[in-house]
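Reader: I should like a close look at a single part of this model. Please describe how that part is set among its surroundings, and keep the account tied to the coordinates.

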Amino acid sequence: MSKDTHTSHSDLAVFLPDTQSAFIGLQLEGLVEQITNDSSAYLQQHGFKTPALAVSSLLQLWKRGPVSLADLARAYDRPHQLIAIRLKMLEANGLAYRATDTEDKRRKLIHLTDLGQEEAGRLWSFSLSLADAVNDLYQEIGVNLTTVAKEAANALHAKPLTARMQAPL
């Protein structure tokens with residue numbers, strides 16, 4: 001394969017066009033990073049203490065009230081370890097704390113602090129504004145990435161990529 005001189009934002013030009021699709025994970029990871037960095041900069045500029053990666057967790061606690069780590073992991077269908085990291089971000093910034101469940105002493109529930117409650121109200125407005133900005137992006141590119149991502153996840157759940165591959169030559 002000859003070296004392609006085409007420049008690519010994610011520097012995958014060496015793989016194009018033959019294997020571009022094989023690196024979809026890397027491309028999507030770059031998109032997530034770009035969105036997260038942009039959101040982080042906005043949040044910092046506007047005095048928020050919540051890290052961008054933990055905004056949805058803070059809002060989930062605000063809307064649902066105290067819940068366990070396992071409850072959040074189920075709600076997001078994500079590993080407990082990932083949710084634990086996000087909760088530690090909230091705790092480190094004085095936005096949340098853990099306390100023993102009064103009805104089940106084996107469980108710890110995550111509660112928002114007063115600061116977390118106040119910040120969540122402001123973050124709700126931020127989320128509404130961000131949703132408008134994302135919808136503007138969807139209009140610009142002609143694709144609703146949220147819908148496409150859900151459809152792709154459902155299709156891969158039904159039939160993983162490995163089941164779609166031909167046997168190696």
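Author: What follows considers the packing of one helix, beginning with the chain as a whole. The model is a predicted one. Its protein chain contains seven helices and two strands, arranged along the sequence in the pattern α-α-α-α-β-β-α-α-α. Of the 169 residues in the protein chain, 24% are buried. The accessible surface of the protein chain is about 12000 Å², and carbon and sulfur atoms account for 56% of that area. Among the contacts in the protein chain with a separation of 6 or more, 46% join residues 24 or more positions apart.

The helix in question is α1, which spans residues 24–45. Its packing against α5 may be described first. The two helices meet at an angle of about 140 degrees, and their axes lie 12 Å apart. Because angles over 145 degrees would count as roughly antiparallel, α1 is classed as oblique to α5. On the α1 side, the contact is formed by Ser39, Tyr42 and Leu43, while α5 contributes Leu123, Phe126 and Leu130. The crossing of α1 and α5 is right-handed.

Another residue of α1 is Thr36. Thr36 has a relative accessible area of 18%, and it is therefore buried, the limit being under 20%. Leaving aside residues up to four places away in sequence, Thr36 touches Ala52 and Leu53.

From Leu123, on the α5 side of the contact, the description can be carried further. With residues up to four places away in sequence again left out, Leu123 touches Leu43, Phe48, Thr50, Val55, Leu58 and Leu59. Leu123 also belongs to the largest nonpolar core, which has 22 residues; together with Leu58, Leu61, Leu87 and Leu90, it is among those that touch the most other members. The elements giving two or more residues to this core are α2, α3, α4, β2 and α5, the last covering residues 114–141. In soluble globular proteins, nonpolar side chains tend to be buried together.

One of those contributing elements, α3, completes the picture. In α3, which covers residues 69–76, the buried residues include Leu69, Asp71, Leu72 and Ala73. Their cover includes α2 (55–64), α4 (80–92), β1 (96–100) and β2 (108–112). Just after α3, Asp77 adopts a positive phi of about 50 degrees.

How values were computed: Residues numbered from 1 in each chain as written. Predicted model: local features only at pLDDT ≥ 70, side-chain atom pairs only at ≥ 80, totals over all residues. Heavy atoms only, no water. Buried < 20%, exposed > 50% of the residue type's maximum accessible area, 1.4 Å probe, protein only. Helix = DSSP H or I, 4+ residues; strand = E, 2+ residues; numbered from the N terminus. Contact = heavy atoms within 4.5 Å. Areas by Shrake-Rupley, 256 points an atom, 1.4 Å probe, with all protein chains shown as cover. Core = buried A, V, L, I, M, F, W, Y, C linked by side-chain atoms within 4.5 Å. Axes fitted to C-alpha atoms, helices over the stretch in contact; angles between N-to-C directions. Parallel < 35°, antiparallel > 145°, perpendicular 65-115°, else oblique. Left-handed = near helix turned anticlockwise from the far one by under 90°.
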